[in-house]
Amino acid sequence: MPLSLPLRRLWTLDKFAYSLRVFIAFSGALLFSGVAGDVALVIPLFLGIIASALSETDDSWQGRLQALAVTLLCFASASFVVQWLFPWPWLFALGLALSTFTLIMLGAIGQRYATIASGTLILSIYSMINIEQHGGVDEDVAARQLLLLAGAAWYGVISVVWCALFSRQPVKQSMARVYKTLGEFLILKSALFEPVRGVDIEARRVALARQNGLVVDALNQAKEMIFRRLEGQRGSRKLNRYLRIYFIAQDIHERASSTHYPYGALTEAFFHHDVLFRCQRLLDQQGRACRQLAKSLLLNRPFDHQLSEQALADLRASIDNLSERGKPEWRPLMHPLNALADNLATLEAQIASAHNPDSDDPRRDSALFDRSPSSLLEAWRRVRLNVTLGSPTFRHAIRLTTALVVGYGLLQWLDPEQGFWILLTTLLVCRPNFATTRRFLSQRIVGTVLGLVAGWVSISLFPQPLVQSMIAVAAGVSFFANREKHYVIATASITLLILCSFNQVGDGFDLIWPRLFDTLIGSLIAGLAVFFILPDWQGRRLYREAANVLTNHRRYLDEIVHQYEEGKQDDLAYRLARRNAHNADAALSTLLTNMLHEPGHYRKQDADNGLRFLVLSNTLLSHLSALGAHRHRLAEDEDDAALVPLAKRISALLEKLAEQLHKRLPIAPLDEHARELLVQIEEQPTPDEESAVTLYRPIQSQLRLITQQLAPLGDAASRLARTQEVEPTPTAA
């Protein structure tokens with residue numbers, strides 16, 4: 001029993017299963033080489049396992065089996081093309097260029113294809129290393145290439161069997177990740193209610209926008225995992241439960257994102273009262289409850305959510321106390337305070353129901369949008385639309401192709417020992433943008449140095465082949481456990497694996513300096529390539545990302561208005577519009593983060609303007625979320641029905657603003673349009689004084705707040721359009 005809890009906690013780690021599969025694969029390869037009596041078999045088997053594990057896609061076991069078949073076909077083609085062209089450098093360089101460009105462009109089809117393409121490129125270079133290790137092409141080269149494929153197939157079989165046995169564990173982990181990031185979002189959001197003067201609200205808004213990007217990413221990953229496993233398994237009770245939990249997470253996200261009134265105005269009005277402290281405390285507790293819910297989902301424990309009930313009651317009492325005082329200046333603020341309390345109460349109920357959601361509502365649309373291509377024609381269309389200088393995928397394909405060909409030419413000129421590590425370093429370091437490349441470049445060099453030192457110590461202190469093999473297996477597991485979050489440790493681990501493995505068939509000490517030399521050259525090539533070859537400076541496409549944000553916010557508003565006209569329905573069209581709005585907001589936040597790591601000459605003043613736009617667009621999204629959270633069907637005689645045409649006019653203004661920004665046309669100030677709309681919104685019938693305190697009109701209130709964002713948004717968009725450099729406009733995102 002004492003061991004059960006630690007083991008259960010270990011099982012909940014998302015990298016544990018991945019690392020365990022790799023451990024089984026490496027151990028099996030090591031055992032096979034021992035039984036065969038040829039320790040040299042370990043190297044190609046290990047390299048094949050690594051390439052296959054890097055190409056692993058998340059699927060049901062049937063989907064993983066299909067992906068494995070495609071992966072092995074790509075691996076076999078790449079391996080034998082390398083073997084065939086290896087003796088002819090000019091043909092080899094041409095084949096390297098064509099294959100690199102083609103495989104990178106295939107990534108435009110979707111993430112699954114990008115993963116397989118990347119793994120194929122890695123295996124191609126492993127094939128070169130495998131051939132070079134034995135002095136070139138000889139009579140045994142085909143057998144050694146087959147060992148690469150055997151290692152890849154061996155890990156693939158383990159992966160498929162694992163998917164069949166534990167298909168729902170990744171879904172559970174992804175949903176726990178969703179609620180953990182939601183919890184962090186709620187805690188950050190609670191800081192906005194802190195009634196303290198002089199704080200940098202804009203900085204808190206930026207931090208919240210970045211956390212929103214993490215929530216969006218977690219929701220997208222969870223949706224893909226559930227979707228892949230639901231194919232052909234719609235009747236699965238447990239999968240349908242996770243689907244309901246996912247929909248609840250989406251609703252919580254919409255509620256959590258909503259803003260019912262500018263927090264600065266509430267702070268000024270109620271600075272000497274406890275109502276905002278109680279809002280902050282309640283939201284903070286709900287964030288912590290989401291994090292606790294994540295743990296409960298992982299450990300299959302009951303989720304007892306009672307901590308926030310008293311906090312909600314205290315908030316209601318505080319609002320009632322303010323109402324009883326009857327101050328005239330507070331009367332307009334009672335509406336948003338009551339709406340805020342209602343929103344937090346709904347959040348409370350949603351969090352409480354998330355662990356054990358009710359059965360499916362037969363009227364609810366539970367469809368998920370499939371972003372993968374439905375046919376070969378659609379796949380080809382995606383690739384063709386990206387064959388333009390405006391496409392980041394196309395630019396990266398040209399850049400990486402050129403870098404690898406230059407690296408191969410340098411390799412032929414210098415003829416360094418173990419020279420193909422130059423190509424591998426270039427491939428792994430050269431990323432689609434400067435900021436990411438710079439980060440990986442420095443971490444790759446530091447990790448390689450640490451790995452070489454650790455390798456030198458290991459093969460010096462432990463000359464026994466068995467001990468070195470065990471170190472290699474442990475290093476391989478460490479690489480896969482750390483490669484996403486701790487790249488320095490991952491690089492050191494894979495370097496240690498290489499040294500210990502190659503020391504089994506030769507002198508590992510002779511590999512230390514060539515490995516360091518090749519890493520430095522490969523990193524230099526990657527750094528120069530990303531700086532000089534079609535550099536994808538983020539500031540050059542900032543205005544397009546900003547225009548995309550406005551376009552998706554406008555579509556979200558259109559769907560909300562449609563729901564007010566036709567009735568509340570969480571159908572696919574509404575959920576897709578909401579998700580696309582958040583995706584666009586997250587993409588802009590990521591772009592700005594990358595932009596801040598670029599050289600100052602290329603950032604100019606774009607970063608400040610971009611951050612200003614991000615804060616305004618995120619505020620607009622929060623008001624849209626509040627409008628969506630309160631949606632219901634409006635009766636024809638309802639007062640708010642007259643506001644629907646005004647909402648459509650706001651949508652038209654957002655559409656025009658997005659179009660002007662995307663085309664970099666002059667943007668006229670929107671102040672006059674905003675004032676006119678505000679007058680018409682305020683002219684709508686007002687409830688009588690007796691019901692004014694408790695009646696909340698979400699459409700009128702949120703449309704007023706949205707309209708107030710138009711002029712600042714227009715000004716921020718105008719600044720972006722003026723400061724951007726002209727660049728070819730892509731035909732596809």
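# Notebook: loops, helices and cores

**Entry 1, the loop at Leu534.** I began with Leu534, which sits in the loop between helix H21 (509-532) and helix H22 (542-566). I am working from a predicted model, so I keep that in mind throughout. The phi of Leu534 is near 45 degrees, a positive value in a residue other than glycine. That caught my eye, as most residues other than glycine have a negative phi. I then asked: is Leu534 buried, partly exposed or exposed? Leu534 comes out as partly exposed, because its relative accessibility is 25%, and the partly exposed class runs from 20% to 50%.

**Entry 2, a second positive phi.** Arg664 also went on my list, with a phi near 60 degrees, again a positive value in a residue other than glycine. Where does Arg664 lie? I found Arg664 in the loop between helix H26 (644-663) and helix H27 (671-682). Its relative accessible area is 25%, so Arg664 is partly exposed.

**Entry 3, helix H2 and its cover.** Next I went to helix H2, residues 14-36, which holds 23 residues. From first C-alpha to last, H2 reaches 34 Å, close to the 33 Å expected at 1.5 Å a residue. I noted the buried residues of H2, among them Tyr18, Val22, Phe26 and Ala29. Lys15, Ser19 and Arg21 are on that buried list too. What covers them? The cover includes helix H3 (42-54), helix H7 (141-165), helix H19 (465-482) and helix H20 (487-502). Just after H2, I found Gly37 with a positive phi of about 75 degrees.

**Entry 4, the cores.** A friendly reminder for my own bench notes: in soluble globular proteins, nonpolar side chains tend to be buried together. Here the largest nonpolar core has 82 residues. Which residues have the most contacts inside this core? They are Phe26, Tyr126, Met128 and Phe480. Helix H3 supplies the largest share of this core, 10 residues. I looked up Phe480 in particular, and leaving out residues up to four places away in sequence, Phe480 touches Lys15, Tyr18, Val22, Phe26, Ile50, Ala53 and Leu54. Apart from that core lies another, of 59 residues, including Met175, Tyr179, Leu192 and Leu333.

**Entry 5, helix H6.** Helix H6 covers residues 111-132 and has 22 residues. How does its span agree with 1.5 Å a residue? The expected span is 32 Å and the end C-alpha atoms are 32 Å apart, so the two agree. H6 is mostly covered, with 16 of its 22 residues buried.

**Entry 6, helices H8 and H9.** Thr181 lies in helix H8, residues 169-190. I class Thr181 as buried because its relative accessible area is 13%, and the cut-off for buried is under 20%. Beyond residues up to four places away in sequence, Thr181 touches Gln211, Leu214, Val215 and Ala218. I then moved to Gln221 in helix H9, residues 201-230. Gln221 is partly exposed, with a relative accessible area of 33%. How far apart are Gln221 and Met175 in space? Their C-alpha atoms are 9.0 Å apart, although 46 residues separate Gln221 and Met175 in sequence.

**Entry 7, Asn343.** I looked up Asn343 in helix H14, residues 331-354. At 3% relative accessibility, Asn343 counts as buried. Which residues does Asn343 touch, not counting those up to four places away in sequence? The answer is Arg255, Ser258, His260 and Ala629.

**Entry 8, Leu713.** Leu713 is in helix H28, residues 698-723. Its relative accessibility is 0%, so Leu713 counts as buried. Not counting residues up to four places away in sequence, Leu713 touches Leu550, Phe613, Leu616, Ser617, Leu620 and Leu657. I also checked Leu713 against Val615: they are 98 residues apart in sequence and 9.7 Å apart in space, C-alpha to C-alpha.

**Entry 9, a nonpolar patch on the surface.** I closed the day on the surface, where Val449, Val453, Trp456, Val457, Leu461, Phe462 and Phe509 make a nonpolar patch of about 620 Å². Which helix gives the most to this nonpolar patch? Helix H18, residues 434-461, does, with five residues. Leu461 is in H18, and Leu461 counts as exposed because its relative accessibility is 58%, where exposed means over 50%.

Key:
Residues numbered from 1 in each chain as written. Predicted model: local features only at pLDDT ≥ 70, side-chain atom pairs only at ≥ 80, totals over all residues. Heavy atoms only, no water. Helix = DSSP H or I, 4+ residues; strand = E, 2+ residues; numbered from the N terminus. Buried < 20%, exposed > 50% of the residue type's maximum accessible area, 1.4 Å probe, protein only. Contact = heavy atoms within 4.5 Å. Expected span 1.5 Å × (residues − 1). Patch = residues over 30% accessible without salt bridge, like charges linked within 9 Å, V, L, I, M, F, W, Y side chains within 5 Å. Areas by Shrake-Rupley, 256 points an atom, 1.4 Å probe, with all protein chains shown as cover. Salt bridge = Lys/Arg side-chain N within 4 Å of Asp/Glu carboxyl O. Core = buried A, V, L, I, M, F, W, Y, C linked by side-chain atoms within 4.5 Å.
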